[in-house]
Amino acid sequence: MDDRAIDRAMRRPQRYWYQDGVAEIGTGILFLLIALLFFAEASGLVPPSFSAIGLIVVVFFGVQVGRRVLREIKAHVTYPRTGQVRYPEAPRYRRKIATAVLVAVITGAVVAVSIKRTLPLSWIPLLDGLLIGGFLFYLGHRLSLGRFYLLAAASAGVGALIALADRGDIAGSAAYFGAMGALLVVSGGVALLGYLRQPVPPEEQ
Amino acid sequence: MNEELRDLTKVDRVVHEPARLLILAILHGLASADFRYLLHETGLTKGNLSTHLMRLEEAGYITIEKTFRGKVPQTQCRITEQGKAALRDYRERLKRAAASLPE
């Protein structure tokens, strides 16, 4: 086994988290919640700038709750079929820093666009599409999961189409997160069906 | 023969076996993994996997803990710090030897 093969073997546990599609479905549901938030503001159901605060709350609690729910689903669906793994916990301070950075970036981006209006607002979905698409592409490359490349291309494409339609930042973001949320749920669902069809290894004696 | 290639003769034979190398590489990024997961990832037979796990445990590179989940037996495997060091050392020897070969 050469060193690259050893490296690929070392990444296989990370890939396992995404193999059954459950994490994708969870992320898709989070995106749909975000879309609902933006839709509510675009429709005038909530006050302006509500989505800025709401976004931070939804993302923060969505990730915390989602992680616990995902673990439970995996404990009942995935681990009995293809085995249980425990990932090393990041040190608590590192998790707090990562959460604080995420909240700061989202807040900063929303404030910068609102105050400075440096970008035409219709470009926001394109920016979302490229950033999220970039992350999906990185995941696809790192984990050798081909369907993430497709999702990356879809993200960029959807963002570009919505930007061209010039629906504005809030309505455009609602459309982007709604479309990507649905795509992620479908993609994750297809992966889960394929996973459930695999033959199950025998019980250990 | 150059030093780096001669160094290959000193590789750890416990790690050098492909199945055991794969097991260590998989366990390296995990806090623990059960027998079923290793069976699924390595594609080995149950007997073969058990033998390799025992060998790694004897060398001190992994720990094996046998528990029950309800009535179902479960074997949890963890790589030790010694196992991580052995894997690291093996990779470094391999890289040095590969680097010393002519193009």
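**Exercise 1.** In which helix of chain A is the place of Ile132(A)? Locate this residue in the predicted model, then describe its surroundings.

*Solution.*
Step 1. Start with the secondary structure: helix H5 of chain A, which covers residues 124-143, holds Ile132(A).
Step 2. Set aside the neighbours within four places in sequence and list what remains in contact with Ile132(A): Phe31(A), Ser155(A), Tyr176(A) and Phe177(A). A contact here requires heavy atoms within 4.5 Å.
Step 3. Take Val69(A) as a reference point. In sequence, 63 residues separate Val69(A) from Ile132(A), and their C-alpha atoms are 23 Å apart in space.

**Exercise 2.** Describe the fold of chain B, from its elements to its overall dimensions and contacts.

*Solution.*
Step 1. Count the elements: chain B has six helices and three strands.
Step 2. Put these elements in sequence order, which gives α-α-α-β-α-α-β-β-α for chain B.
Step 3. Enclose the C-alpha atoms of chain B along the principal axes; the box is roughly 55 × 25 × 20 Å.
Step 4. Take the contacts of chain B with a separation of 6 or more; 53% of them join residues 24 or more positions apart.

**Exercise 3.** What share of chain B is buried, and how are its surface and charges made up?

*Solution.*
Step 1. Apply the cut-off of under 20% relative accessible area. Of the 103 residues in chain B, 44% are buried.
Step 2. Turn to the accessible surface of chain B, about 5500 Å². Carbon and sulfur atoms contribute 54% of that area.
Step 3. Chain B carries 17 positive and 14 negative charges, and the mean positions of the two sets lie 6 Å apart.

Notes: Residues are numbered from 1 along each chain as its sequence is written. Chains are lettered from A and ligands numbered from 1 in the order in which they are written. This is a predicted model: local features need pLDDT of at least 70, side-chain atom pairs count only at pLDDT 80 or more; totals for chains, interfaces and linings use all residues. Side-chain values use heavy atoms; hydrogens and water are left out. Helices (H or I, at least four residues) and strands (E, at least two) are DSSP runs, numbered from the N terminus. Buried means under 20% relative accessible area, exposed over 50%, partly exposed in between (1.4 Å probe, protein chains only). Accessible areas come from the Shrake-Rupley method with a 1.4 Å probe; for residues, only the protein chains shown count as cover. Lys and Arg count as positive and Asp and Glu as negative; His and the chain ends are not counted. The place of a charge is taken as NZ of Lys, CZ of Arg, CG of Asp or CD of Glu.
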